[in-house]
Amino acid sequence: MQSSPVLFREKLWPAWWIWVVTLGLGGTAAVAFMPIGISWGVVAGIVALGLISFALVMNTPVIEVTDHSVRVGRATIERGFIGEVTGYRGSAAYHQRGPGLNGIAFMCIRGWIDPVVRIEITDERDATPYWLASTRRPEELTAVLGGLMVQYREAQEAGNEPDSAHTPDSPAGPETA
């Protein structure tokens, strides 16, 4: 079986400050074991740092789009079941993650990544209305899936053409969506 080429791939690595917190937790473990002995403290700190780092790396989700499927974290769906795709930044992303969130949507959200992409699911057998995924590159992901960033979608629905200086470089730009 031949695999299809990857059109988009992003690993949602933790932000730099998460690694600083990890160092702090390792230091806390070291300090907690120091009364037993210095060597116990050093070993406990190194073990805690290793375990937390391992957990962070192993639980880092991947977003991957091919010609045939979309994978976000642990969920995979065929491209034929993808509906409208919209990317959000800033306050619009906040609204999608909070007040505008549907409780039965699949979420792959990372607190250290602000932009999100909403991927509508059109499979009648699936009760999930959409996926909401954090991404550092929402313009690229929405373009690969044939969607638009929210500001372009709102302009298109209002009947206005978005400013050509802000049009995404993709065949899925406002003129073909």
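Helices (H or I, at least four residues) and strands (E, at least two) are DSSP runs, numbered from the N terminus. This is a predicted model, where local features need pLDDT of at least 70, side-chain atom pairs count only at pLDDT 80 or more, and totals for chains, interfaces and linings use all residues. Residues are numbered from 1 along each chain as its sequence is written, and side-chain values use heavy atoms, with hydrogens and water left out.

**View 1. The whole protein has five helices and nine strands.** Start at the N terminus and you meet the elements as β-α-α-β-β-β-β-α-β-β-β-α-β-α. There are 177 residues, and 39% of them count as buried (buried means under 20% relative accessible area, exposed over 50%, partly exposed in between, with a 1.4 Å probe and protein chains only).

**View 2. T60 sits in the loop between α2 (38–58) and β2.** Is T60 buried or exposed? At 9% relative accessibility, T60 counts as buried. Not counting residues up to four places away in sequence, T60 touches K11, L12, W13 and P14 (contact means heavy atoms within 4.5 Å). Look at L12 here: T60 and L12 are 48 residues apart in sequence, yet 5.9 Å apart in space, C-alpha to C-alpha.

**View 3. Strand β3 (residues 69–72) pairs with β2 and with β4.** Two strands pair if DSSP finds at least two bridges between them. Strand β2 (residues 62–66) is joined to β3 by three bridges, and the two run antiparallel; a hairpin through two residues links them. On the other pairing, four bridges join β3 to β4 (residues 75–78), again antiparallel. Follow V70 across: V70 stands opposite V65 and also opposite I77 in β4. The hairpin of β3 and β4 has two residues between the strands, and G73 there takes a positive phi near 60°.

**View 4. Strand β3 has two faces, one covered and one uncovered.** In a regular strand the side chains alternate between the two faces of the sheet. In β3, V70 and V72 make up the covered face, while S69 and R71 are on the uncovered one.

**View 5. The largest nonpolar core has 20 residues.** A nonpolar core is a set of buried Ala, Val, Leu, Ile, Met, Phe, Trp, Tyr and Cys residues joined through side-chain atoms within 4.5 Å. The residues with the most contacts inside this core are V70, V72, I119 and W131. β7 gives the most to this core, with three residues. Zoom in on W131: leaving aside neighbours within four places in sequence, its contacts include V70, V72, F106 and I119. A second, separate core has seven residues, among them Y88, V116, Y130 and L132.

**View 6. Five strands make an open sheet in the order β6-β8-β7-β5-β9, with mixed pairing.** Why do β6 and β9 (148–149) each have one side without a neighbour in the sheet? They stand at the edges, each with a single partner strand, so one side is left free of a sheet neighbour. For β6, three bridges join this strand to β8, and the two run parallel. Within that pair, F106 has W131 in β8 as its bridge partner.

**View 7. R118 lies over the face of Y130.** The distance from the ring centre is 3.8 Å. A charge sits over a ring if NZ of Lys or CZ of Arg is within 6 Å of the ring centre and within 35 degrees of the ring normal.
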